[in-house]
Amino acid sequence: TQPWFRHCLQVWPTWSPRLGIAVQTDVPGILAELRRRGDRLAVAESLTGGLISAVIVAVPGASQSYLGAEVVYQPELKHEFLGVSAELIKQKGVINAEVAAQMAIGVREKFAKACDIHHERVIGLATTGVAGPDTQDGQPVGLVFVAIAGFIGDIDDVRVYELYLEGDRNDIRGAAAAGALQHLAEYLAV
């Protein structure tokens, strides 16, 4: 565990994707706060499979503060595209807080470099977890990790949240996306 690493436990209620994530979270407010700060957002999604990105780009003008996303479902892609430690994946699997943190840092660094933006101006948001119906890497259905990688001044600020979600596969994926956006809103104090 890195010295900057913070692990927070958060339990979220069941959420239905049929209600719409944007109803639950102030996504326009998140984007406005990113613009106000001069920051940009990059997202790495695993179990959410693009849901977070879909909600963000539904907001007009999202491109002013949203860089894009990597959907990395397979373990090899988390390593190859985001720089997640292959040894960590081999030892612990992909459903854990350290993988989520490395995904958020990896997407932040990759997108900052690709867009020629200083990495302190990019916030990385990442999700990894088990949507079901089967367990994965010995982890239960509904266990999700959300990571946010930003900076406070010039100090790396990485936060990881552990969520326990209920429902069917789509409910868990929707709740994970909603939870990630809610934690991002709280991080930005929206």
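## The largest pocket

By class, eight nonpolar, seven polar and three charged residues make up the lining of the largest pocket. This lining belongs to a predicted model, and it comprises 18 residues in total. Those that lie nearest the centre of the pocket are Y73, I95, G129, V130 and Q136. The space in the largest pocket amounts to about 180 Å³.

Two elements of secondary structure deserve mention here. Helix α4, residues 75–82, supplies at least two residues of the lining, and strand β4, residues 122–129, likewise supplies at least two.

## Helices α4 and α6

Helix α4 also packs against helix α6, which spans residues 97–114. The axes of the two helices are 9 Å apart, and the angle between them is about 40°. An angle counts as oblique when it is neither under 35 degrees, nor over 145, nor from 65 to 115; α4 and α6 are therefore oblique to each other. The crossing in which α4 passes α6 is left-handed.

On the α4 side, the contact is made by K78, F81 and L82. On the α6 side, the residues involved are V99, Q102, M103, G106, V107 and K110. Sorted by class, the residues of this contact are five nonpolar, two polar and two charged.

## Helices α2 and α7

A second helix pair is formed by α2, residues 27–37, and α7, residues 169–187. Their axes come within 10 Å and cross at roughly 40°, which makes α2 oblique to α7. Here, α2 passes α7 in a left-handed crossing.

Helix α2 contributes V27, I30 and R37 to the contact, where they meet L181, L184, A185 and Y187 of α7. Of the residues in this contact, six are nonpolar and one is charged, while no polar residue is present.

## Backbone features in two loops

Most peptide bonds are trans, and most residues other than glycine have a negative phi. Two places in the model may be read against this background.

The first concerns the peptide bond that joins G132 and P133, which is cis, with an omega of about 15°. P133 is found in the loop between β4 and β5, the latter being residues 143–152. The second concerns D116, a residue other than glycine whose phi is positive, near 55°. D116 is located in the loop between α6 and β4.

Conventions:
Residues are numbered from 1 along each chain as its sequence is written. This is a predicted model: local features need pLDDT of at least 70, side-chain atom pairs count only at pLDDT 80 or more; totals for chains, interfaces and linings use all residues. Side-chain values use heavy atoms; hydrogens and water are left out. On a 1 Å grid over the protein atoms alone, a cavity is a set of points where a 1.4 Å probe fits but cannot get out, and a pocket is an open set with protein on both sides within 12 Å along at least five of seven lines; lining residues have an atom within 4 Å of a point. Grid points are joined across faces, edges and corners, and a volume is the space filled by probe spheres set on the points. Helices (H or I, at least four residues) and strands (E, at least two) are DSSP runs, numbered from the N terminus. Ala, Val, Leu, Ile, Met, Phe, Trp, Tyr, Cys and Pro count as nonpolar, Asp, Glu, Lys and Arg as charged, and the others, Gly among them, as polar. Axes are lines fitted to C-alpha atoms, for helices over the stretch in contact, and angles run from 0 to 180 degrees between N-to-C directions. A crossing is left-handed if the near helix is turned anticlockwise from the far one by less than a right angle, and right-handed if clockwise. Contact means heavy atoms within 4.5 Å.
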